[in-house]
Amino acid sequence: MGLIVQKFGGSSVADADKIRNVARIITETYRRGHSVVAVLSAQGDTTDDLIAKAAEINPNGSKREMDMLLSTGEQISCSLCAMAIEAMGYPVISLTGWQAGVRTNSSYSNARIKRVAPERILAELDKKCIVIVTGFQGINKYDDITTLGRGGSDTSAVALAASLHADLCQIYTDVDGVYTADPRHVEGAKKLDEITFDEMLELATLGAQVLHNRSVEMAKRYNVNLEVLSSFSGNPGTKVKEVVKNVEKTHVSGVAKDKDVARLALVGLDDTPGIAFKIFSLLAKAKINVDIILQSIGRGDTKDISFTVTKSDKDEAKRLLEENKAYLGFDHIDVSDDIAKVSIVGAGMINNPGVASLMFEALYNAGININMISTSEIKVSVLVDADDADRAVQAIHNKFFSEFGGNV
C-alpha cells in the first residue's frame, strides 16, 4: 500500500466532534493499509483570536513573537487529534513543524520552506505510527519558529508529500472540491472532476480560497499527486494534475473574485523613457508585488500609469512613491481600495478567440463598468467597483456555465 499525506483545514477541526471525524478519516485510511501523515491547521478562528490577544498586549508586536504565538494554534489541534486517535486504539504521534524537519528562511510571518528533513517522520512511520504534523510552521537557521502565512498548511502538506515521495496528497476542506466559482456565494457553481496545475495556480492567486497558491506552485514543481475533497461529505474530490482530459472542450474552468485589491494611479508623469522602470523597481526593492498595470498613451509631455497592489501594501506603496515624487516627476497620486478583481481562468482559452468578449458582454448586460483589464494565455482579469463584484461573478458564471453548459 502507499503513503498518503492528508491535510485538514481549520473548519475541519473546529470542535471536538469535527476532530473525531478527522480522526475517523485518518484511521480509515490507515486501516486500509496506507501509511498516513496528517497535517492540521489551527481550530476554527483560533489564529484570529490569537492575533486579537496580541493586539490587546502590544499592537506592534514583532513578527518573530507573533510567529511564536500563532504556532500554538496548530499544536493544539494536532495534540487533540492525536488524543482522539489514541482513544480509538491506534498508534499515533504528533510533531511540531520543527520536529518534522521543516526548515524555512527567516521571513517571519511569511516564511518560505527551504527544505524538509523527514528523518523523524520516516522513523515514526517505520514504527507503524500515524504521524500528525502541525501545518503553517517551520524553523529557521536561528532555531526560531516561523510561520508560512495565511493558507500555509496547504504548503506544509505539499512540501511533506514531495519530500516523502507520497503517493497522494489530499487537501480536505469544507467543500467537495474545486468549483467553477465559490459554491457558497455563486448560484449554479459546478464541481470540477479535474483541473490543471496552471489553472488552479491562477485561480488560487486570483482569489479562489480553496488552495494556497504556493502549495499549487510546489505541487506542480514536484509533480505531487493532489486531490481536493470534503472532510464532511465523503464524496470524490477534484484532482489537480498537469494534464486533464477536457482541456480543449472546456474553455473556461472557473471564475474568481479578489477584494484584497487597491489601485494607485500616478497622474501627470513625465513622458520620458524609463519611467516605468523607475516606478516598479522602487516597488520591487520594497517587496511590493504589483498586479494589473495600465499606461495611458499620453497627453502632450505627460502620461498616467495605474496599477494594483494588495490592500496591505497600499499605504507603503503610496508613501514610497510620494517620497520619490521629484525623482519620478508626477503631479499627484490617486488611491482607491473600493474595488475588486474578477477573473476567468481556463487552459483552453488560448485556442478559442472570443472568450474575453463573452466576459465583457456579461458585464455589459449586467450594467457593470470595467475599470482595468489584464490578460494572459489562460486568464482574463477585470477591475470593477467593489459593490459590483458579487454581481459580476454571478453574471460571468451564468454566461459561461449556465447558458452554454461550460463549453465556451
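Hi everyone. Contact, as I'll use the word today, means heavy atoms within 4.5 Å. Keep that in mind for the first residue I want to show you, I121, and please also remember that this is a predicted model.

So, what is I121 in contact with, once we leave aside its neighbours within four places in sequence? The list is V37, L95, A100, V131, V133, L160 and L164. Two of those names, V37 and L160, come back when we look at the largest nonpolar core, which has 43 residues. V37, I121, L160, C169 and M200 are the ones that touch the most other members of that core. Helix α5, residues 152-164, supplies the largest share of the core, with seven residues.

There is also a second core, separate from that one, with 24 residues. Among them are V342, V355, A362 and V382. A good place to stand in this part of the chain is A392, in helix α12, which covers residues 389-402. Is A392 buried or exposed? A392 has a relative accessible area of 0%, so it counts as buried. Not counting residues up to four places away in sequence, A392 touches V342, L363 and I368. V342 is one of the second-core residues I just named. A362 is another, and its C-alpha atom is separated from that of A392 by 8.0 Å, although the two residues are 30 apart along the chain.

Now let's move to the sheet. Eight strands form an open sheet with mixed pairing, and the order is β3-β6-β2-β1-β9-β11-β12-β10. Which strands stand at the edges? Those are β3, residues 92-95, and β10; each has a single partner strand, so one side of each is left without a neighbour in the sheet. From one strand to the next, the twist averages 20°. If you'd like to zoom in on one pairing, try β9 and β11, the latter being residues 226-230: they run parallel and are joined by five bridges. Within that pairing, Q170 has E227 of β11 as its bridge partner.

On to charges. Side chains of opposite charge can pair when their charged atoms come close. How many salt bridges does the structure hold? There are 22, and I'll walk you through a few.

The pair I'd start with is E124 and K127, whose closest N and O atoms are 3.8 Å apart. The two partners sit in contrasting surroundings: E124 counts as buried, at 6% relative accessibility, whereas K127 is exposed, with a relative accessible area of 57%.

Next, K241 and E194, where the closest N and O atoms are 3.2 Å apart. This pair links distant parts of the chain, 47 residues apart: K241 belongs to strand β12, residues 238-241, and E194 to strand β10, residues 194-196. K241 is partly exposed at 31% relative accessibility, while E194 is buried at 17%. The cut-off for buried is under 20%, so E194 falls on the buried side.

The third pair is K220 with E242, and here the closest N and O atoms are 3.0 Å apart. K220 is in helix α7, residues 213-222, and E242 is in the loop between β12 and β13, so the pair links distant parts of the chain, 22 residues apart. Both partners count as partly exposed, K220 at 31% and E242 at 39%. And one more for the charge enthusiasts: R64, E65 and D144 are linked in a network of salt bridges.

Last stop: the annotation. Under "binding site", an unreviewed UniProt entry lists K7, F8, G9, G10, T173, D174, Y179 and R184. Let me pick two of them.

Where does G10 lie? G10 is in the loop between β1, residues 3-8, and α1, residues 16-31. G10 is buried, with a relative accessible area of 16%. Leaving aside neighbours within four places in sequence, G10 is in contact with S41, A42, Q43 and G44.

Y179 is also in a loop, the one between β9, residues 168-173, and β10. Y179 is buried too, with a relative accessible area of 18%. With sequence neighbours within four places left aside, Y179 is in contact with A189, K190, K191 and L192.

That's my tour. Thanks for listening, and I'm happy to turn back to any part of it.

Definitions and conventions: Residues numbered from 1 in each chain as written. Predicted model: local features only at pLDDT ≥ 70, side-chain atom pairs only at ≥ 80, totals over all residues. Heavy atoms only, no water. Core = buried A, V, L, I, M, F, W, Y, C linked by side-chain atoms within 4.5 Å. Buried < 20%, exposed > 50% of the residue type's maximum accessible area, 1.4 Å probe, protein only. Helix = DSSP H or I, 4+ residues; strand = E, 2+ residues; numbered from the N terminus. Salt bridge = Lys/Arg side-chain N within 4 Å of Asp/Glu carboxyl O. UniProt positions renumbered as here; feature names shortened; annotations may be inferred. Pairing = 2+ DSSP bridges. Axes fitted to C-alpha atoms, helices over the stretch in contact; angles between N-to-C directions.
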